[in-house]
Amino acid sequence: MSLSNLPNGLIRIWAFVFKNWIITKRNIFSLFEIAFWPVVGFFSIGLLTTFLELDVNMSGFILTGIISMSVIQVCQIDVAYVLLYDLWSKALKHTFIAPIGSFHLISGSWLIGVMRSFVVFLLLSIFSALAFGFDFLRPGILPLCLFLLGLFLTAALIGVSVCILVLVFGYNAEVAAWSVVSLLYLVCGIYYPVSILPFPLPVIARAIPLTYLLEYFRSFYGFKSVSGNCLGWGFGLIGVYLILEAFLFKIVLHRARRTGTLLRLSE
Amino acid sequence: MAFAIEAEGIFKTFRTGWRGKRRTEALKGIDLRVNAGEIFGILGPNGAGKTTLLSILSTLLLPDRGKVHILGIDALANGARIRERVNISSGNANFLWSLTVKENLHFYGMLYGLVGRQREEKVNALIGLLDLREHQNVLFDRISTGMKQRLSLAKCLLNDPEVLFLDEPTVGLDPNAASRIREEIRSIQKERKMTVLLTTHNMREAETLCGRIAFLKAGEILTAGTAQALKQMVRVGDVVRIEFQGRISEDDILRGDGVINYSISGNLCEIVVDDGEKRLGSLVAVLSQGGAEIRKVTLRQTDLEDVFIEFAKRTDSDMGLRL
């Protein structure tokens, strides 16, 4: 996108913010996505830490995990929705007959995802302070911002992977919007350190940016990070995967134009 | 002459089933040239390949082989550039269900880079043009099929396209709504002088809207030309249907000019002539002079349907198939 095309590019990005926002505000279930499921999940786990009489740091370890996952889940679903809304409305071809690129599509939906998931983060961090005495601000503003940015970008990675699957498998892939993120629960050390995972899961965990981001943030609460430069690894992997996904998205979109998937999914 | 649309040797096969082993040949070497500013119709039955062809020309679908130039630009290599200057509207229109008519237009307007007041004015103008004002704040899934079709037309005018693709724009509409949409297409094209490529299986629609028409069947263009030229090319003749009392002799019929064929059954006589309007008067006069009392005369002129059937017959017999 050249500088002369910047206003056009920005309005195309904003189009997807507009679309997701309107659909979100008309859908009662989006309120559940923001306020109900994350809060219920948070309190279930939080109360478990109370029952197990974990100290503040250990509770923090687990609460950091559950809050991170809630933020990622809400943000990634918005990116995934950008194609799913079109798919469900059978309007996919109208989006792709317009002069837009994958960058507009993804970044617009990601922005609304960031807004929605930031609300989730605020809500849960307030609850964690009030109900369980866990202070999310202890690491300081900058580490917190970096951590959140990492989570948002991880969500973008997952959302784009869902979009790629939708363009390849159509309706069969819609379940990925809710299930892909669950894999992270298992391998990224949400409720436990990755060191306890059986082989080969620790190797897989080391290939996922979230593992490093969690280690980074938890290091401020007294948990030693295994990797040297957690932030470097985390953001480095995110960068590599975003580039790979950008190529892959281009390839699957070209394939969808070749095989007629765009038409088939619009009928 | 500059062609707005130029396609050469377009082939497209769809592969389905396990490992894509089942193949459907949708287009078999299509050549097409559409002049700037004309309404060109692609006529054909369901499954002829009309939508596939339109989708390729509008860059939604890539062909297996062939060349496509839109407005002089290689459309296969410059899809994004082409998409700025063309648009498409399809029958059975679908848009985002949870957005109102107006919100849908704003959303797609943004995709075409329309900002602020410019977009607001454009959306309002299109809502007015296509008489959508009453329904502008109604959710898409609550409006009628006719309204959806009008929204589809409004959406495809958002970027002031130089080439407009209309895929069966009146399919599924009642006759009144269909006629209204046709009127709208005609007046919009006249006002904006855009090139329109329209597919339909409705012969009358093609005849009333299109300057030139191509017949597409089983992925091949059988013939193309103006409606008049196509009718003359086939020469199946016009049918003069005469109800009479008394007697009509075969000699009297054959004395008439331009008679191609005839049949008499009871008090009904059907005569096929080369040009119904031209021959009708003399034919009735000849038969009256022969002693027949003419009660009722009707003329059925050759229409595009006859032409299409004739061409389809020829092609099928060439291929050894039965129609």
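**Cores, helix pairs and the contact between chains A and B**

The largest nonpolar core of this predicted model holds 159 residues. Those with the most contacts inside this core come from both chains: A:V79, A:A156 and A:C163 on one side, and B:I5, B:L57, B:A154 and B:L197 on the other. Helix α3 of chain A gives the most to this core, contributing 17 residues. Apart from it lies another core, of 12 residues, which includes B:F244, B:I248, B:V273 and B:L283. As background for a reader meeting such cores here, nonpolar side chains tend to be buried together in soluble globular proteins.

A:A156 offers a convenient place to look into the 159-residue core. Once its neighbours within four places in sequence are left aside, A:A156 is in contact with A:V79, A:I106 and A:W110. Of these partners, A:V79 is itself listed with A:A156 among the residues with the most contacts inside the core.

The two chains also meet directly. Here 28 residues of chain A are in contact with 26 residues of chain B. On the side of chain A that touches chain B, at least two residues each come from α1 (6-26), α3 (56-89), α4 (92-97), α11 (230-259) and α12 (261-264). The most are given by α1(A), with 11 residues. By class, this side of chain A has 16 nonpolar, 5 polar and 7 charged residues.

Within chain A, α3(A) also packs against another helix, α10 (residues 209-218), the two axes coming within 11 Å and crossing at roughly 140°. At that angle, α3(A) and α10(A) are therefore oblique to each other; angles count as roughly antiparallel over 145 degrees. The crossing of this pair is right-handed. In the contact, A:F61, A:T64, A:G65 and A:S68 of α3(A) meet A:L214, A:F217 and A:R218 of α10(A). These residues divide into 3 nonpolar, 3 polar and 1 charged.

Turning to chain B, the fold contains 11 helices and 14 strands. The C-alpha atoms of chain B fill a box of roughly 80 × 50 × 45 Å along the principal axes. Of its 323 residues, 43% count as buried. Among the contacts in chain B with a separation of 6 or more, 69% join residues 24 or more positions apart.

A helix pair in chain B can be set beside the one in chain A. Helix α3 (residues 101-111) and helix α5 (residues 145-155) of chain B have axes 10 Å apart and pack at an angle of about 25°. The helices α3(B) and α5(B) are therefore roughly parallel to each other, and their crossing is right-handed. From α3(B), the residues B:V101, B:N104, B:L105 and B:Y108 meet B:L151, B:A154 and B:K155 of α5(B). By class, this contact has 5 nonpolar, 1 polar and 1 charged residues. One of its members, B:A154, appears again among the residues with the most contacts inside the largest nonpolar core.

A last residue to find in chain B is B:E168, in the loop between β7 (163-167) and α6 (175-192). B:E168 counts as buried because 21 C-beta neighbours lie inside 10 Å, the cut-off being 20 or more. Not counting residues up to four places away in sequence, B:E168 touches B:S90, B:G91, B:T199 and B:T200. B:A292, by comparison, is 124 residues from B:E168 in sequence and 48 Å from it in space, C-alpha to C-alpha.

Note on methods
Residues are numbered from 1 along each chain as its sequence is written. Chains are lettered from A and ligands numbered from 1 in the order in which they are written. This is a predicted model: local features need pLDDT of at least 70, side-chain atom pairs count only at pLDDT 80 or more; totals for chains, interfaces and linings use all residues. Two residues are in contact if their C-beta atoms, placed from the backbone, lie within 7 Å. Helices (H or I, at least four residues) and strands (E, at least two) are DSSP runs, numbered from the N terminus. Ala, Val, Leu, Ile, Met, Phe, Trp, Tyr, Cys and Pro count as nonpolar, Asp, Glu, Lys and Arg as charged, and the others, Gly among them, as polar. A nonpolar core is a set of buried Ala, Val, Leu, Ile, Met, Phe, Trp, Tyr and Cys residues joined through C-beta atoms within 7 Å. Axes are lines fitted to C-alpha atoms, for helices over the stretch in contact, and angles run from 0 to 180 degrees between N-to-C directions. Angles under 35 degrees count as roughly parallel, over 145 as roughly antiparallel, 65 to 115 as roughly perpendicular and the rest as oblique. A crossing is left-handed if the near helix is turned anticlockwise from the far one by less than a right angle, and right-handed if clockwise.
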